[in-house]
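Here is a short tour of one protein chain, meant to be read with the model open beside you. Let's start with a single serine and work outwards from there.

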Amino acid sequence: MVGSAGRSSIAAADRNLPAEPVPAMIRADRKLAGLINALRLQVRRAVTLPSPIFRSTVTSPTILQDTTHLVDPELLSWVANGPAVTYDPELVAVVRAAMTEQVASSDPDADGLPVSVSEHKIQIASGEPQISILVATPKRQSPVRFGILYVHGGGFIVGSAGLALPFIRQVVAALDCVVAAVDYRLAPEVSFPVPLEDCYAALVWFAREATALGVDPTRIAVMGESSGAGLAAALALVSRDRRGPAIKFQSLLCPMLDDRTVTEPDPNPTTGQFIWNRDSNRFAWKCYLGREPGSQGVSHYAAPARAINLSELPSTHIQVGTLDLFFDENLEFVRRLARAAVPVAFEVYPGAYHGFELMYPSEVTKDVQARRLSRLARALACR
């Protein structure tokens, strides 16, 4: 585990990484952080208006204890204006519209990185709409590289591959790999298992097209944050059970794994105050499941923490902050992975809340990304 005393970047000591990959990634994460902060300010201004559409946007979040004094000082500025806003259908529409505008107005080549991006459409099933996969590849020729299937976050209800493209391009440039990002369909328009099946279809396509894309099919990882990390963990379960494409590694940042967190009888009093609270979590899980979270019969493919058998899963790297609502479910998942003989690395960041990895240029966020890239490089370097 990682504490505040251990934040010296391991990237410099890791020969599998290009020199200084994290500073090169700051611009991309600043864009995402700026967008999210702008959205929060937009919503806060909106709720002061008399329009009824916003009256339910901010509720009284379930905060068990004020944890402001526990926040890492470098991460205070983002949460200084109060607790997280709470998602509801109106806020989802506002956030999606802002994200779409952000993607439409951005120039993905503005970073000057030697990375090419192509879009591919795949058909999930007859009669189903096509989904998009963005593939980012280094321009420099290479006989074969490792591949990463990237699944974006957003609580199953917002986000897109296009929005994450600045970050994805930085990963490709830093690791000299190929990244395929899937634009899975979002809840509540569709519910489980549709988003997961979209992601699985993308994984199957990526493995099938690996040679054409310059990827070694034996060196494919899944990667994501929050709900994207939860979907990545579910993909590992599905692919194992269906004997699908081999996944060599999973990189999970603050994964959203367990719908029962919203109904636990003895909740952690120090988690969930900032960015993503219990009310948003309940709303998102209900949208994704199409039913009340915490109820009987929820599939472990929807909520990977419910899986009884965690054996034969790929090596796993999980990172989370102590103030993140998902801290306890991540801790328990790591414990169970280890007991199932799955190689697992777990890093905990004191005073960090959900989404803290976007708070550049703090030392803690530099450390998160450096360790994340280093683990990926080491796990996938060997053929």
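Setting aside neighbours within four places in sequence, S160 is in contact with V103, H152 and D183. Keep in mind as you look around that this is a predicted model. S160 belongs to the loop that runs between β3 (145–151) and α3. Is this serine buried or exposed? S160 counts as buried because its relative accessibility is 18%, and the cut-off for buried is under 20%. Its side chain also has a polar partner: a polar atom there lies 3.0 Å from the backbone nitrogen of L163.

Follow the chain onwards and you reach α3 itself, which spans residues 165–175. This helix is mostly covered, with nine of its 11 residues buried. Among the buried ones are L165, F167, I168 and V171, along with the polar or charged Q170 and R169. Just after the helix, D176 adopts a positive phi of about 55°.

Now for the interior. In soluble globular proteins, nonpolar side chains tend to be buried together. Here, the largest nonpolar core has 93 residues, and Y87, I157, F206, L235 and Y353 have the most contacts inside it. Helix α5 (residues 227–242) supplies the largest share of this core, nine residues. A second core, separate from that one, has 26 residues, including V115, Y150, V171 and A181. V171 is also one of the buried residues of α3.

L235 is a good place to zoom in. Leaving out neighbours within four places in sequence, L235 is in contact with L149, V151, L196, C199, Y200, L203, V222 and I247. Two names on that list lead to further details. Y200 has the charged end of R242 over its ring, 4.8 Å from the ring centre. C199, for its part, is a buried cysteine, and it can be set beside C254 and the serine we began with:

| Residue | Relative accessible area | Class |
|---|---|---|
| C199 | 0% | buried |
| C254 | 2% | buried |
| S160 | 18% | buried |

How many disulfides does the model hold? The count comes to zero disulfides.

Last come the aromatic rings. The structure holds nine aromatic pairs. Ring pairs join F156, F192, W285 and Y288 into a cluster, which makes a nice final stop for your viewer.

Notes:
Residues numbered from 1 in each chain as written. Predicted model: local features only at pLDDT ≥ 70, side-chain atom pairs only at ≥ 80, totals over all residues. Heavy atoms only, no water. Buried < 20%, exposed > 50% of the residue type's maximum accessible area, 1.4 Å probe, protein only. Helix = DSSP H or I, 4+ residues; strand = E, 2+ residues; numbered from the N terminus. Polar contact = N/O pair within 3.5 Å; in protein donor to acceptor, adjacent residues only side chain to side chain. Contact = heavy atoms within 4.5 Å. Phe/Tyr/Trp six-rings, centres within 6.5 Å; stacked < 30°, edge-to-face > 60°. Lys NZ or Arg CZ within 6 Å of the ring centre and 35° of its normal. Core = buried A, V, L, I, M, F, W, Y, C linked by side-chain atoms within 4.5 Å. Disulfide = S-S within 2.5 Å.
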